[in-house]
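Me: I have a structure open that I have never looked at before. Could you walk me through it?

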Amino acid sequence: MKDIYTFDDAHLAQLGLQRGVDGRIRPAWAEANDQMRKYYDEEWGREIRDERGLFERVCLEGFQAGLSWNVVLRKRADLRTAFHDFDPDSVAAMTDKEIESLAERPELIRNKRKLAAVKTNALATIQLRETEGLSNLLWSFAPEQWEIPLNHLEIPTQTNESEAMAKALKKHGFIFVGPVICFALMQAVGMVDCRIPGSTSMLG
C-alpha cells in the first residue's frame with residue numbers, strides 16, 4: 001500500500017482521515033481536540049477483558065447514545081467519581097435516591113434514564129458472575145474473521161455479532177445496549193480493528 005503520509009488532504013478526506021496538527025493521521029472524529037487525539041492514540045481499540053473495565057465501557061457507550069464521544073470523554077472523570085470508578089459492587093449498593101441526585105450535578109450527563117441504567121447494568125454484571133461472567137459473555141461475540149476496513153465507508157454501524165451481543169445483554173437484564181452501541185463497544189475494547197491502514201497506531 002502506498003505510504004498514506006504522502007496523500008494530500010483531499011485524498012485523506014476520501015478515506016475519512018485527517019492530518020492532525022502533530023502530523024499524525026487519524027479519522028476525522030479523533031481530530032476534535034487534544035483529548036480525542038490522546039484517546040484514539042492510546043486507548044481506542046486497546047484490548048480490555050477485565051470485568052470493571054468492560055462494565056465501564058458498557059456504561060459509557062450507553063451514555064453516548066444521542067451524544068458525541070467527545071462529550072462523554074470530557075465528563076468521564078466525573079462519571080468515574082460519581083459511580084465509584086465503575087466498580088459493579090459499589091454501584092449496585094447505591095440507593096435509588098443517590099442515583100436520582102446525580103441528575104442535579106452539571107458536571108455529569110444528567111439523563112435520568114442513563115444514570116439509572118448504570119445501577120441496572122451493575123446488578124446484571126453481578127448476576128452474570130454465577131454463569132460465564134461479563135468478560136466471557138462479551139468476548140464470545142468477537143468475530144472469528146474480520147477484514148480491516150480500507151476507508152470510513154467500509155466501517156459498519158452494526159454487525160451480526162453486535163446484534164447478537166445486544167440481544168444477549170438484554171436477555172441478562174442490561175439496558176442501553178442496542179446493536180449500534182454494542183458495535184461501538186466492540187471497536188473500543190479491541191474486539192474488531194477499525195483503524196484504516198496507515199492511520200496512527202496505538203502508542204506505547
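Reply: What follows goes from the overall build to the core, one helix and a few single residues.

Me: Before that, what kind of model is it, and how are the residues numbered?

Reply: This is a predicted model, in which local features need pLDDT of at least 70 and side-chain atom pairs count only at pLDDT 80 or more, while totals for chains, interfaces and linings use all residues. Residues are numbered from 1 along each chain as its sequence is written, and side-chain values use heavy atoms, with hydrogens and water left out.

Me: OK, how many helices and strands are there?

Reply: The protein has 10 helices and two strands, and from the N terminus on the order is α-β-β-α-α-α-α-α-α-α-α-α. Both kinds of element are DSSP runs numbered from the N terminus, with helices being H or I of at least four residues and strands being E of at least two.

Me: And is 18 Å what a compact globule would give? What would be expected?

Reply: For 204 residues a compact globule would have a radius of gyration near 17 Å, so the 18 Å of the protein agrees; the radius is taken over C-alpha atoms, and the globule rule is 2.2 Å times the number of residues to the power 0.38. Along the principal axes, the C-alpha atoms fill a box of roughly 55 × 40 × 30 Å.

Me: How much of it is buried?

Reply: Of the 204 residues, 46% count as buried, where buried means under 20% relative accessible area, exposed over 50% and partly exposed in between, using a 1.4 Å probe and protein chains only.

Me: Which residues have the most contacts inside the largest nonpolar core?

Reply: They are Phe 63, Phe 83, Leu 138, Met 165 and Leu 169, in a core of 52 residues. The largest share of this core, six residues, comes from H3. A nonpolar core here is a set of buried Ala, Val, Leu, Ile, Met, Phe, Trp, Tyr and Cys residues joined through side-chain atoms within 4.5 Å.

Me: What does Leu 169 touch?

Reply: Leaving aside neighbours within four places in sequence, Leu 169 is in contact (heavy atoms within 4.5 Å) with Leu 134, Leu 137, Leu 138, Phe 174, Val 177 and Cys 182. Apart from the largest core lies another, of seven residues, among them Ile 4, Leu 12, Leu 17 and Ile 196.

Me: Cys 182 is in H10, right? Why is that helix called largely enclosed?

Reply: Cys 182 is one of the buried residues of H10, and the helix, residues 179-188, is largely enclosed by the rest of the structure because seven of its 10 residues are buried. The buried residues of H10 pack against helices H2, H3, H8 and H9, and H10 is followed by Gly 190, whose phi is positive, near 85 degrees.

Me: Which residues other than glycine have a positive phi?

Reply: Phe 86 has a positive phi of about 55 degrees, and Phe 176 has one near 55 degrees. Phe 86 sits in the loop between H4 and H5 and counts as buried because its relative accessibility is 0%. Phe 176 lies in the loop between H9 and H10, and at 21% relative accessibility Phe 176 counts as partly exposed.

Me: Last one: is Ser 135 buried or exposed?

Reply: Ser 135, which is in helix H8, counts as buried at 17% relative accessibility. Beyond its neighbours within four places in sequence, Ser 135 is in contact with Arg 49 and Leu 54.
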